[in-house]
Amino acid sequence: MRLLGVLVRIEMLKAVKRPACWVTLGVFTVFNAIATLSSGGPSSQASFPDAWRGIIEPAINLGPVFLAALMILLFAPEFRWRTARQNVIDGLSKEQFYWAKVLLLVPMMAVFIAIPTVIGVLEVAPNPRGGGGGLVEPMDFNYMLGFVVALLLWGTAALMISALVRAAGAGLGLLFLYFICEQIVTQLLSIRWRALERFFDFLPAQLYQTITNTGLYYPEVLARTNAARAERGQDLLVYPDLWIPLVAATAYVVLFLGLAYVNMRRRDL
């Protein structure tokens with residue numbers, strides 16, 4: 001446990017000295033504040049627990065993307081700068097160096113959760129409990145859980161790509177190119193083979209879209225969406241039980257971590 005604490009402190013010290021860290025967090029904060037205010041956000045739902053959906057919705061769509069970019073910017077350059085090799089020369093094993101990056105993901109996730117929470121709480125502060133009821137409803141808690149899983153999905157994907165590509169620019173390009181290409185390829189294949197759609201739903205980008213959709217958590221949102229789709233003659237949306245996409249996304253998290261770990265063990269620094 002002492003070693004884990006040392007590794008976290010080392011990585012946090014390295015992170016706070018990187019301008020990329022502060023720039024990424026600053027841009028995310030600005031974008032999240034703008035998105036929250038422009039969408040009505042918590043201010044249109046004057047109090048807790050109703051405000052949580054407005055707080056989480058911008059963050060769950062923006063946070064995972066910014067977190068992935070930040071993890072690549074913090075991890076991948078260490079191979080080009082030879083600091084990864086120097087850490088091993090100084091006494092860390094390759095595995096310990098890798099797990100230090102995994103541990104860094106935890107406080108970074110906490111920061112990406114804290115920023116929108118603080119912004120939302122400041123919006124609601126004049127009337128925090130005006131709506132009555134509890135502070136957090138079960139649906140809001142599920143939405144928060146989805147936010148955490150979405151952060152893990154993108155964060156571990158970024159760690160895996162960093163370990164494989166070992167270059168920040170190429171890593172960022174590969175990450176976003178995959179998510180874009182998955183959307184295009186699955187749509188094209190679905191037109192020809194409709195039966196494949198049920199399998200495409202469990203690909204990483206499709207899972208992310210499901211996890212970040214408010215209709216998965218709030219029945220009234222799904223009802224309104226389906227009513228609008230019915231008026232336009234579109235198929236109604238049907239979501240699986242919440243635990244299914246969350247477990248599937250967690251399986252990808254384990255897979256990404258495992259692939260990155262194996263790569264770190266087998267390749268030279």
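This report describes the largest pocket of a predicted model and two arginines with an unusual backbone angle.

## Basis of the model

The model is predicted, and local features need pLDDT of at least 70, side-chain atom pairs count only at pLDDT 80 or more, and totals for chains, interfaces and linings use all residues. Residues are numbered from 1 along each chain as its sequence is written, while side-chain values use heavy atoms, with hydrogens and water left out.

## The largest pocket

The largest pocket (an open set of points on a 1 Å grid over the protein atoms alone, where a 1.4 Å probe fits, with protein on both sides within 12 Å along at least five of seven lines) holds about 860 Å³ of space, a volume being the space filled by probe spheres set on points joined across faces, edges and corners. Its lining consists of 24 residues (those with an atom within 4 Å of a point), and Glu197, Asp201, Gln206, Thr210 and Leu237 lie nearest the centre.

Two or more lining residues come from each of α8 (168–192), α9 (197–200), α10 (204–211) and α12 (243–266), helices being DSSP runs of H or I with at least four residues, numbered from the N terminus. The most come from α8, which gives five.

## Two arginines with positive phi

Most residues other than glycine have a negative phi. Arginine 82, in the loop between α4 (77–80) and α5 (83–89), has a positive phi of about 70°, and arginine 166, in the loop between α7 (138–165) and α8, has a positive phi near 65°.

Arginine 82 is partly exposed at 46% relative accessible area, whereas arginine 166 is buried at 11% (buried means under 20%, exposed over 50%, partly exposed in between, with a 1.4 Å probe and protein chains only).
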